[in-house]
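Visitor: Please show me the model. I want each label checked against its cut-off.

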Amino acid sequence: MRAFTLAALTIPPQALSFLITSPQLQTPTPSFTRCDKPRHTLLHSSVSTDTPPPNNPATTTTATNNNTIVTDAKSELLSLASSTNRGFSSKSSERKRAKELADLLSRYNPTPEPARTYYATTNDDEDHERPTLSGKWTLVYTDAPDITSLDGGGRPLQPSKLGRIGQECRPPYISNVIEWTRPDWTKSLVLPFAKSSSDDDDDSRVLQKVVCQASSTPEKPLAVDLTLVGLDLVGYGDDGPAGLLKTRPVELRGVLTVPFGRFTVLYLDEEMRIIRTYQNYLAVNVRNEEDW
């Protein structure tokens, strides 16, 4: 059975060209907190990916050394993510290094059952203190072409601008979220019946959410299977489709229910999640509980 990719349902930027050119009746802007700066500190270090994990008492690495290896690997991976613009401008050597760091961290994965909240039956009280997939995750690095191709590459007069990318994990659902914002070149324009483009708090954007139902099993606690179940469109702002979707959000369910692929969790702690898709691409996310 054919599995659909995120790109298959991605709204092309041209479809959002009226994001800033079709004024609507103004309504109050909702309270919304942006999280433009990542919470983590980007540090660079050279980490050896040849270090084996502890496998017997005679060669056991101390807990302190293990923590150092993990901390250094995470810092280097985050630094690489920042320097390559989430992987969008990464070179072959940088993508190779990212996979090496992901493989290293997978050997020190502290969460043996990262997908347990997506089991058919589970008792959350049994290990509520363990890291979980549930929550909001912001993408900081990927090498998946269906994601990296979303960026317009700096082409002039783009109808919309790619913003944040991430996931909302609320069992039994996982929503792939893409934020489309107002392009920079339009900020000097003055549109009739629209809020002044020079306002510092101009925040018009559309959130596109591809909604999947997710499942996992105790027999394969690292694997999560996805089934496409719907599409949501939510607007924030006063102008164009952002204003329209703010008052009339779109929620499509039941139109399509088809397999959407699988991912494997390589590493999960309270701050970072690394997954490998069924197409062998990486996605590195950091936890972010701020509103989109």
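Guide: Helices (H or I, at least four residues) and strands (E, at least two) are DSSP runs, numbered from the N terminus. Two strands pair if DSSP finds at least two bridges between them. This is a predicted model, where local features need pLDDT of at least 70, side-chain atom pairs count only at pLDDT 80 or more, and totals for chains, interfaces and linings use all residues. Residues are numbered from 1 along each chain as its sequence is written, and side-chain values use heavy atoms, without hydrogens and water.

Visitor: What makes β4 and β5 a pair?

Guide: Strand β4 (residues 205-217) and strand β5 (residues 220-236) share 12 bridges in the antiparallel sense. The definition asks for at least two, so they pair. One bridge sets glutamine 208 against leucine 233 in β5. A hairpin of two residues joins β4 to β5.

Visitor: How many helices and strands does the protein chain have?

Guide: Four helices and eight strands. From the N terminus, their order is α-α-β-α-β-β-β-β-α-β-β-β.

Visitor: Why is the second largest space called a cavity?

Guide: On a 1 Å grid over the protein atoms alone, a cavity is a set of points where a 1.4 Å probe fits but cannot get out; lining residues have an atom within 4 Å of a point. The structure holds two cavities of 30 Å³ or more. The second largest has a volume of about 40 Å³, the space filled by probe spheres set on the points, which are joined across faces, edges and corners.

Visitor: Which element gives the largest share of its lining?

Guide: Strand β1 (residues 135-142), with three residues. The lining includes Lys136, Trp137, Arg164 and Trp292.

Technical notes. 1 Å grid on protein atoms, 1.4 Å probe; cavity = no way out; pocket = protein on both sides within 12 Å on 5 of 7 lines; lining within 4 Å.
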